[in-house]
Amino acid sequence: MRLIEKVWFYGHPSKWLLVPLLLPFSVIFWLLSAFRRLCFSIRLLKTPTLRKPVIVVGNISVGGNGKTPVVLYLVDLLKQLGKTPGVISRGYGGHAPYYPYLINDLSTAEQAGDEPILIYRRCKVPVVVGSDRNASANLLIKGGCDIIISDDGLQHYRLSRDIELVIVDGKRLFGNGLLLPAGPLREGQWRLSSSNLVIYNGQRDDSVCHKNLTSLTMTLGAEEVCNLSTGQCVSITEFINSYPGVNAIAGIGAPQRFFGTLIDKQFNLLNTQSFVDHHRFSLADFSQFDDTVPLLMTEKDAVKCQAFCLSNWWYLPVDASFNTKGKQLLKNTIKAVL
């Protein structure tokens, strides 16, 4: 974990030095973002109208809140409602040959970014990446999609939206509550009240959460592990019975959440290694691990390691789940715009 993240979320002693140094930049960040929002609100900057509904899945803080599992859940839900969804994403970390870029079966994480490739492979729906989200959405609409899901983009005010779902890490919440770079927030907590739903990822502390918001809690579940080399998937119980110990890596926004999940699932973790979010892996990153011991990683990391994986590398697919009340609330929110 980077030092700045320890300062933001865990009160590392370095905060007494770093936060005062960074606060002036947070003020500049606030002024610029507030001016930009004002320009959109008085129509000095335009928000083009799209011909189909748009659901934005975003957050007000940086990194690892659980947006991708919510996107996967929404795709399945919209299919059940008889819709033809498509997904747009900025494609962070990718370098596509052109934009907007429609992902295909030959696309790689190097071209499109790790999360868009994961969504495309899991959901089998059209996914387009590009910084101009309106152009990406229009490409999907021309291709036959009748509803658009934007993976991130809460602060992309050029994109019109019918529903905003804000994902909040139930454990880390809003860190020290400050704007970037002194804190982890892209926008202040006031932004939550303008969204349709706030989704807390994991158990939340109601004493510090906003009680006047329409919110629900999701959990991330996992039932199996899959081999990167063969694609074979086995139940977690079967895997644990076969292997007494495993190593694990994670290059996501909140690596400890992944390692905690493995411990909760009764995996015996021998060694772990964290990488920064969206890390571009190479075989050299794994030289410290014993090749005879299975290596576990996230599905997001797996899409970047497929080309050079070893036979004992596995990933853990996770899915978002909600209680009955949460499912109905989410479904009713979507039906209201359909």
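Here is a quick look at the nonpolar cores of this predicted model and at two buried residues.

Some ground rules. Numbering runs from 1 along each chain as its sequence is written, and local features need pLDDT of at least 70, side-chain atom pairs count only at pLDDT 80 or more, and totals for chains, interfaces and linings use all residues. Side-chain values rest on heavy atoms, with hydrogens and water left out.

Let's start with the cores. A nonpolar core here is a set of buried Ala, Val, Leu, Ile, Met, Phe, Trp, Tyr and Cys residues joined through side-chain atoms within 4.5 Å. Buried means under 20% relative accessible area, with a 1.4 Å probe and protein chains only. The largest one has 38 residues, and Ile55, Val57, Leu74 and Leu165 have the most contacts inside it. Helix H3 (residues 67-80) gives the most to this core, eight residues; helices are DSSP runs of H or I, at least four residues, numbered from the N terminus. Apart from that core lies another of 23 residues, including Val54 and Leu192.

As for Leu165, its contacts (heavy atoms within 4.5 Å) include Ile55, Leu74, Leu197 and Leu330, not counting residues up to four places away in sequence.

Now the two buried residues. Pro69 is found in helix H3, and Thr333 in helix H10 (residues 324-335). With neighbours within four places in sequence left aside, Pro69 is in contact with Leu220, Val318 and Ala320, and Thr333 with Ile163, Asn196 and Leu197.

| Residue | Relative accessible area | C-alpha distance |
|---|---|---|
| Pro69 | 11% | 5.7 Å to Asp319, 250 residues apart |
| Thr333 | 15% | 22 Å to Arg158, 175 residues apart |

Terms used. Buried means under 20% relative accessible area, exposed over 50%, partly exposed in between (1.4 Å probe, protein chains only). Helices (H or I, at least four residues) and strands (E, at least two) are DSSP runs, numbered from the N terminus.
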